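Open the model in your viewer and keep the selection panel at hand. The stops below say what to select next and what is there.

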Amino acid sequence: VAEARRIVAAFAASVVAMAVAGTLAQTHFVLAALERAGAPIMLSDRLAMSAADLVGFAPLYAAIVAAGFAVAFLVGGLVRKWLLLPRILVFAVAGAGCIALMLYLMQAVFFGIPLIAGTRTVAGALSQIGLGAVAGAIFAKIISPMREGAPNQRNIAT
Amino acid sequence: VNVLRTFMIAAVTLFAASVPANAYEVEEVAGGLDHPWSLAFLPDGAFLVTERSGQLRRISVDGQISEPIAGVPDVLARGQGGLLDVMLAPDFATSGVLFLSYAYGSTAENGTALMRARLQEDRLVDTQTIFQAQPKRGGQHFGGRMALLDDGTILLTVGDGFAFRENAQNRSDHLGTIVRVAPDGSVPEDNPFAHEDGSAPEIWSHGHRNPQAILVDPSNGRVWAHEHGPRGGDELNIIRRGGNYGWPILTGGVDYSGARISPYGLDRADEFDFDNPAHVWTPSIAPGGMTLYNGDAFPEWRGNLFVSALAGQALHRLVLDDDKVVFEEVLLQDLGARLRDVRTGPDGFLYLLTDHDDGKLLRVRP
């Protein structure tokens, strides 16, 4: 039960981290593009739009990320069962791969256009993929045993 | 003066609201059309209709649909792209000249284009591409509606390509603009940015998202256009030479994802020198076509703008007081159809196109 709770908590933490950080990154890529288009962007505008996107966009993003991470981390767990790779590496790759695939699929479905405006540039897309890796690493870190020699170390990882 | 003006607007509004809802009926002229996009009225009473998948067809007075007219350009029939608008030249009866707008290219590289051609029986001849917007990728937001100015030049709306919204503020390409060209494709010397370094000379106005209707009021030369907002913020604008309509810096909508597009909503319009909309629809109705009614069949509707709605699945009647919308009535919701286009026929009836696999040409008559 404790292991299950830890996995759930790790999953929730990784999803929340991805949704919040991903939202803020997308907001600021959008603002940077607007600035280049000639819009004056004040600090107050950045803060207000960040807050608005955390309310208006992050919940939807979290739901999509949760669905993707559920599959990606399950696959990551299976990979670790068969390959002796570092836990953090496996789940970071799973997180990054999940976001990359998600962005690709959204674009493919929508006639080649990115639906998340902050990912229209390579830098914007890479930022989301990088944050996916960080979120995967967070998941791996939380599900890791707290102390050396903790029971069921392998099982927790999977 | 203000009191008198208020009284007159109230009177107009009351009168407009008093038009009985059962004063008209809707009848089907033709069905089985593949996402019809635009129509034109031929001198003999027949219709020319474009289908987005790339066919131009003639529909006879009694609703018989012809085989596709030959000579139509290859179009990119993907996403919102395809064969779009059709407009007859003023001297069509003698010259047979017409204009077609369409999406050209591939998914990777495409844009809005304008063709001039001559209709000779069942084929287009003397075809000439007279304008091509610079290419972009993706299959969305082509604009593509035309209007003819008094001087014979053509206004063509060009969408922002969806993923390139900031380009609407950048006059170096055609995305998010309305362009003006002569019927032979040349650029009029008096275009506002024709002599500005770094600007595309065809641009007439910019800062647009996806304008899909444009018309000229023959009584005063005023140009009306509407454009799709994102989620909210559909706009009706009065188009002026050199105008900047603010997209995407100033918008009344948010992204489809729920994310903000800009920190600037329409409530902050006074912070900019943009041209502000005459009317806004939030939530979006997804405006498709538009006509300024000047027929005799519905005298009480003369001078009203009619806007067909796709997502809204209705016909919006807008009562104008000069450059302001003072009353709006939503009609034909009971049809349950996406309405792509609306036109005033020479007979004074309204004609509608429904945007479906089994699209219809409908007539609204007393």
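Select strand 13 of chain B, residues 210–216. Strand 13 is mostly covered, with seven of its seven residues buried; buried means under 20% relative accessible area, exposed over 50%, and partly exposed in between (1.4 Å probe, protein chains only). Helices (H or I, at least four residues) and strands (E, at least two) are DSSP runs, numbered from the N terminus.

A note on the ground rules. This is a predicted model, in which local features need pLDDT of at least 70 and side-chain atom pairs count only at pLDDT 80 or more, while totals for chains, interfaces and linings use all residues. Residues are numbered from 1 along each chain as its sequence is written, chains are lettered from A and ligands numbered from 1 in the order in which they are written, and side-chain values use heavy atoms, leaving out hydrogens and water.

Add strand 14 of chain B, residues 223–228. Strands 13 and 14 run antiparallel and are joined by six bridges; two strands pair if DSSP finds at least two bridges between them. Pick Pro211(B): its bridge partner in strand 14 is Glu227(B). For Ala213(B), the partner in strand 14 is His226(B). The two strands form a hairpin with six residues between them. In the turn, Gly221(B) has a positive phi of about 80 degrees.

Now widen the selection to the open sheet of four strands in chain B, in the order 13-14-15-16 with antiparallel pairing. Strands 13 and 16 (279–281) are at the edges; each has a single partner strand, so one side of each lacks a neighbour in the sheet. Neighbouring strands here are turned by 20 degrees against each other on average, direction ignored. The axes are lines fitted to C-alpha atoms, for helices over the stretch in contact, and angles run from 0 to 180 degrees between N-to-C directions.

Next, charges. Side chains of opposite charge can pair when their charged atoms come close. A salt bridge is a side-chain nitrogen of Lys or Arg within 4 Å of a carboxyl oxygen of Asp or Glu. The whole structure holds 26 over all chains.

Which side chain meets Asp85(B) at 3.7 Å, N to O? Arg145(B) does, in a salt bridge. Arg145(B) is in the loop between strand 8 (123–132) and strand 9 (146–148) of chain B and Asp85(B) in strand 5 (residues 83–88), so the pair ties together parts 60 residues apart in sequence. Arg145(B) counts as buried at 3% relative accessibility, and Asp85(B) counts as buried at 1%.

Stay on Asp85(B) and add Arg343(B): their salt bridge is 3.2 Å, N to O. Arg343(B) is in strand 21 (residues 339–344) of chain B, 258 residues from Asp85(B).

Move to Asp355(B), whose salt bridge with Arg340(B) has its closest N and O atoms 3.8 Å apart. Asp355(B) is in the loop between strand 22 (350–354) and strand 23 (359–365) of chain B, and Arg340(B) is in strand 21. Both residues are buried.

Then select Arg120(A), Arg165(B), Glu166(B) and Asp255(B): salt bridges that share partners join them into one network.
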